[in-house]
Amino acid sequence: MPETITAPRVQLEIKVERPRLYKVMLVNDDFTPREFVVQILKAEFRLDEGQASRVMMTAHQRGVCVVAVFTQEVAETKATTATDMARSKGYPLLFTTEPEE
Ligand code: NFA
């Protein structure tokens, strides 16, 4: 009677970690028109008119405001794209990124 040989079953443990998230910050300046800031927030960050106005006004009054959080690469790309859009119109508007606590 031939024996049946079975391969050992190995349970692989798969560890998944959530990526660290990065905040995109809008920095106030004295030159970029409010309406232009709102336009950029709508175009690059998909905020609606109300959200964009509130974020713009918060940065205007407090100096800086969190726009949104993303994974590092998405945050950096969006901050750079939005900053470049403003530069191409001659405005000093600045978006920065920083890791969440
Ligand atoms: N402080 C700018 C103004 O009064 C508006 C602004 C808001 C610019 C937020 C940059 C960021 N025209």
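Two residues are in contact when heavy atoms of theirs lie within 4.5 Å of each other. With that in mind, here is a friendly tour of this structure, which is a predicted model. Phe95 makes a good starting point: leaving aside its neighbours within four places in sequence, Phe95 is in contact with Val24, Met25, Leu26, Ile40, Leu41, Phe45, Val67, Ala79, Ala82 and Thr83. From there we can look at the core, then the ligand, and then a few individual residues.

**The nonpolar core**

- The largest nonpolar core has 24 residues, and Phe95 belongs to the group that touches the most other members, together with Val24, Leu26, Leu41, Phe45, Val67 and Leu93.
- Two or more residues of this core come from each of β1, α1, α2, β2 (64–71) and α3 (72–88).
- Helix α1 provides the largest share of the core, namely six residues.

**Around the ligand**

- If you look around the ligand, you will find Leu26, Val27, Asn28, Asp29, Thr32, Arg34, Val37, Met56, Ala59, His60 and Leu93.
- Leu26 and Leu93 are worth a second look, as they are in this shell and also among the core residues that touch the most other members.
- Sorted by class, the shell is made of six nonpolar, three polar and two charged residues.
- At least two shell residues are supplied by each of β1 (21–27), α1 (34–45) and α2 (49–62), and α2 gives the most, with three residues.
- Backbone atoms take part here: a backbone N or O atom of Asp29 lies 2.7 Å from a nitrogen atom of the ligand, and one of Thr32 lies 2.9 Å from a ligand nitrogen atom.
- His60 uses its side chain instead, with an N or O atom 2.9 Å from a nitrogen atom of the ligand.
- On its own the ligand has 330 Å² of accessible area, and the protein covers 89% of that.

**Lys23 and Glu98**

- Lys23 sits in strand β1, and Lys23 counts as buried because its relative accessibility is 13%, where buried means under 20%.
- The side chain of Lys23 makes a polar contact with the side chain of Glu101, at 3.3 Å.
- Leaving aside neighbours within four places in sequence, Lys23 is in contact with Val66, Ala68, Val69, Thr96, Thr97, Glu98, Pro99, Glu100 and Glu101.
- Glu98, one of those partners of Lys23, is part of strand β3 (residues 94–99).
- Glu98 has a relative accessible area of 35%, so it is partly exposed.
- With neighbours within four places in sequence again left aside, the contacts of Glu98 are Tyr22, Lys23 and Met25.
- Glu98 and Val38 are 60 residues apart in sequence, and 21 Å separates them in space, C-alpha to C-alpha.

**Arg46 and Lys78**

- Arg46 is located in the loop between α1 and α2.
- The relative accessible area of Arg46 is 71%, so Arg46 is exposed.
- The phi angle of Arg46 is near 55°, which is a positive value in a residue other than glycine.
- Lys78 belongs to helix α3, and its side chain reaches the backbone oxygen of Glu44 at 3.1 Å.
- Not counting residues up to four places away in sequence, Lys78 touches Glu44, Phe45 and Phe70.
- Phe45 links back to our starting point: Phe45 is touched by Lys78 and is also in contact with Phe95.

Notes: Residues numbered from 1 in each chain as written. Predicted model: local features only at pLDDT ≥ 70, side-chain atom pairs only at ≥ 80, totals over all residues. Heavy atoms only, no water. Near = heavy atom within 4 Å. Polar contact = N/O pair within 3.5 Å; in protein donor to acceptor, adjacent residues only side chain to side chain. Areas by Shrake-Rupley, 256 points an atom, 1.4 Å probe, with all protein chains shown as cover. Helix = DSSP H or I, 4+ residues; strand = E, 2+ residues; numbered from the N terminus. Nonpolar A, V, L, I, M, F, W, Y, C, P; charged D, E, K, R; others polar. Core = buried A, V, L, I, M, F, W, Y, C linked by side-chain atoms within 4.5 Å. Buried < 20%, exposed > 50% of the residue type's maximum accessible area, 1.4 Å probe, protein only.
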